[in-house]
Each structure stands twice: as structure tokens, then as C-alpha cells.
Amino acid sequence: PLASCGPAPATPAAVSSVELAADTIAPSRTPSPSPALTPIPSPSPTSHASPVPAATATASPTSLPTFTPAPALPPVLTPAAAKPLPLSLGWRLDANGHLTEGRIMQRDGKTLFLTSSLGRIVYAMREDGTIAWHLRTDGPVYTMTALDPDHVAVGDDAGHVTLIATSGQRLWQTDLGSRVTSLLGGWQDGILAGGWDERLSLLDSGGNLRWQVKLDGPLSQIATLPGLAVAATLEGQVKAYDPSGAELWHFAAGSPVIGLETVGEGNQASLLLSLQDGRLLALDRRGQPHWQLSIGSGSPVIHIANLAGEASPAILAGIGGKEPQMILLSAAGQVLWRVAVPAPVGALTTLDLDGDGTLEILAGLASGQIQAYDQQGRLHGSVHAGLPVWGIEAGSNGSALVLADVAAWRLEPSAGPAGRPW
């Protein structure tokens, strides 16, 4: 535990525990050293970290509710053709290593495309594809999060969380002592961070450590609900904490958690887990399971979409295996359609490509293709990024930032180069 620099925290509330077998429900429908702050530049934040919340006894697993049997999945269809939409590849950035994250920001009224790489570089590109600035980090960058329109934070292999202004200035750096693989900004006006140290840390806006808690395994994903920070691990554990760092509940998913998203808003918001064994699993804000569904082999790629005319968000999921496919589900877990895709899905997003007020679906594939679909799963068209696509960040005016291994592309909703395999 960390040495205390302030009063001892209140005893955390009792923790509830839930364990789930992989087939019980279906839709009814190396601890690290204590962090130290590294000033860049001076003056640096003053360290006044709170003590790690004390471990509390775990309650016995609660009995699970009875769920009705899962309905049969609809057949996987070959996507029908929709009205062709023009798609093209604009500028391209050839990075010095595999690109890990992408963000689209605004600076002085202009769009800035940010990417991070395992080559220890954060790049910022202007709208025309020229490099506005680049910043070297102390280690390969695994994760990036936006705090506000003017600031991003990155986490690297050296264990550092670094705050960067969109002007390219490094503002501060905090050392968490071990590889940082997950960041989420904006909760409690701070940054949630963690990785191989098997801890979740909350930093304030100045880089000071507010609290830190021990997890059961390497941190894989972070999400938030109102008043809750939720951490998921590669050991299949999901834990929720209040703003003081007290653990409120934990849930055993039975498989490594690869994806974690918030579905909906406010007190009605829930959590969606993507598991390595091919399941999607939904939890409410109390950590109780709503539904689960096995959709194939390998961990599904997920994206939460607010489609036009729907009262609640929809869920897009993509998988690989022997039968790669893209799936649209309701927030209640009902499968609305499934379509076959030519290669495993690496990325999903939604954006309005043609300016008609209706969102289209973009799927990035391991083959390098980027395919556009309508909301009924009909294919509008595609382009080819040359290398496996694993990230797509939606921008304005129908454009998007595409991450394809070591290359970043600007996707444009207009006629032009359609690309090819490399």
C-alpha cells in the first residue's frame, strides 16, 4: 500500500460479488512500485496521493436470476447492395511503428488528427495531411484519451502518463511504474489509468495521484457510469468504484474482458462486455447481469451506435473465425440482423457519409478493406487501406481517421483513390 499523506479514508462499503458461468444466462429477448511524479516542465504537480483503499471482505456470490432460453440466431446473410456511396482514401501517414490510437480534435477552429505509435511517437496531422507536430515519448504508446478539446493524455510502456496540449506542448508526466495500457479521461475531472501493474489509478487534472486500488489481473478496459468507475481485467474480473476509490461491487465474467462500453446515459446506463470466448455480456449499474449471447469465436469488436429513430442505443458487433460477420443488436440483446463479411472485423464506427442525417456503418477488416453499410446491413461500397484495419475514428463532414497497422489514412466521402492490397 501507498504511504499516507493525508487522513485515512473512510472504510469502503461492503462489496457484492457475482460469478457467472458461460452458459447460465441468455437474452430474453506484478504489482508495481508506488507511483512517483516526474515534473515536465517545472513546477510539477505536488504529490498528495490518498492511501490505497483497504481491502474489504468479499460477500458470498449472489444467486443469479433465471433467464429464458436464448432464441435461435437469425441466419448469416450475404449483404444486399444498397445505393452506391462514393468513398476514397485521402492523405496517408506512414508511421515509424504500429499505430495504437487515433483521435480527432479541434484546435483554433481547425481539425487535428492525432495518432500514437509503438515507435514512441505521437503525431498530429492537419486536415491536408501535413504534420503539424510530433512528440517523442519515453516508451511505445499503447493508449490515448481526450480530456477536453485542447488536451490529450497518453500512456506508454515506460509506465508514464503524459498530458499533451493540442499545440504539441508536453504539460506534465506521472510515473505509474509499469506499462500503461488503458486510459479514460474526464471522470471526476481527472484521468483513470492502469495496465500491467494490476491497479486502477485516478489522477487529477494536474497529474497528482488521488487514489489507487488493486485489481485481480492486468487492466484491459475502463468505462464509467454516473458516479462509478469500472475496471475490467484480463483475468475476467469487473470491478466498480465510487469517486473515493471504495469498491462497490465486482463481477466474475469467466473469460478475459477485451472490450467494455457504456450503453445509454444517466441512471439507465448499463455496461457491455466483449469476452475472449466470443460472448457479449450486459451488466446493470449494480453489477447484475442482464443478458449474454455467444456470437462466435474470438473476442467481438463492439461499437455503441445511436441510430436514427431508435429509443435506445443499438450495438454493433463484429467477429472473425471461420465465419466472419457483422451483427446489429438491440440494447436488450436481440439480434436484428447478421451479415457475412469477407475477413475478420477489426474496427466499427458510425457516421453520416452522405449528409442526409442518417448514420452509415463503417467496418474495418483484417484484409485491409473498409466497407460502408446502411442500417439494414446493405453494402454501400468499400475502399482498401492496404494493411489490416483495426481502428476507425469518425470525424465531421463524413470523413474518418483510419488506422491500418503502420499507416493512417483519411477516409473521405467523395470519389477518388480506392486503394489496393499492399
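The exchange below goes through the strands, sheets, buried residues and contacts of a predicted model.

Reader: What makes a residue or atom pair count in this model?
Author: Residues are numbered from 1 along each chain as its sequence is written, and side-chain values use heavy atoms, with hydrogens and water left out. Since the model is predicted, local features need pLDDT of at least 70 and side-chain atom pairs count only at pLDDT 80 or more, while totals for chains, interfaces and linings use all residues.

Reader: How many helices and strands are in the protein chain, and what makes a run count as one?
Author: The protein chain has zero helices and 34 strands. Both are DSSP runs numbered from the N terminus: a helix is H or I over at least four residues, a strand is E over at least two.

Reader: Why is H303 called buried or exposed?
Author: Buried means under 20% relative accessible area, exposed over 50%, and partly exposed in between (1.4 Å probe, protein chains only). H303 has 18% relative accessibility, so it counts as buried. This residue lies in strand β24.

Reader: And Q173, in which strand is it found, and is it buried or exposed?
Author: Q173 is found in strand β11, residues 170-175. Its relative accessible area is 3%, so Q173 is buried. Over the protein chain, buried residues make up 53% of the 422 residues.

Reader: What makes the pairs of Q173 polar contacts?
Author: A polar contact is a pair of N or O atoms within 3.5 Å; within protein, one must be able to donate a hydrogen and the other to accept it, and residues adjacent in sequence count only if both atoms are side-chain atoms. The side chains of Q173 and D138 are joined at 3.3 Å, and those of Q173 and T162 at 3.2 Å. A further polar contact, of 3.4 Å, joins the side chains of H303 and T350.

Reader: Which residues is H303 in contact with, leaving aside its neighbours within four places in sequence?
Author: Contact means heavy atoms within 4.5 Å. On that basis H303 is in contact with A314, I315, L316, L348, T349 and T350.

Reader: How do you know which strands stand at the edges of the sheet β28-β29-β30-β31?
Author: Two strands pair if DSSP finds at least two bridges between them. This open sheet of four strands has antiparallel pairing. β28 and β31 each have a single partner strand, so one side of each is left without a neighbour in the sheet.

Reader: What makes β30 a partner of both β29 and β31?
Author: Four bridges join β29 (residues 360-365) to β30, and five join β30 to β31 (residues 379-384). Each count satisfies the requirement of at least two bridges. A363 has Q371 of β30 as its bridge partner, and I370 stands opposite V383 in β31. In the hairpin of β29 and β30, with three residues between the strands, G368 takes a positive phi near 100°. The hairpin of β30 and β31 has five residues between the strands, and there G377 takes a positive phi near 80°.

Reader: Why is β30 described as largely enclosed?
Author: Five of the five residues of β30 are buried, so the strand is largely enclosed by the rest of the structure. Q369, Q371 and Y373 are buried on one side, and I370 and A372 on the other.

Reader: What makes the set around L353 and I370 a nonpolar core?
Author: A nonpolar core is a set of buried Ala, Val, Leu, Ile, Met, Phe, Trp, Tyr and Cys residues joined through side-chain atoms within 4.5 Å. The largest such core has 20 residues, of which L353, L362, I370, V389, I392, V402 and L411 touch the most other members. At least two of its residues come from each of β28 (345-351), β30 (369-373), β33 (400-404) and β34 (407-412). Another core of 18 residues lies apart from it, with V230, A240, A253 and V257 among them.

Reader: Which strands are at the edges of the sheet β24-β25-β26-β27?
Author: This is an open sheet of four strands with antiparallel pairing. Its edge strands are β24 (301-305) and β27 (335-340), as each pairs on one side only. Inside the order, six bridges join β25 (residues 314-319) to β26 (residues 325-330), with L329 in β26 as the bridge partner of I315.
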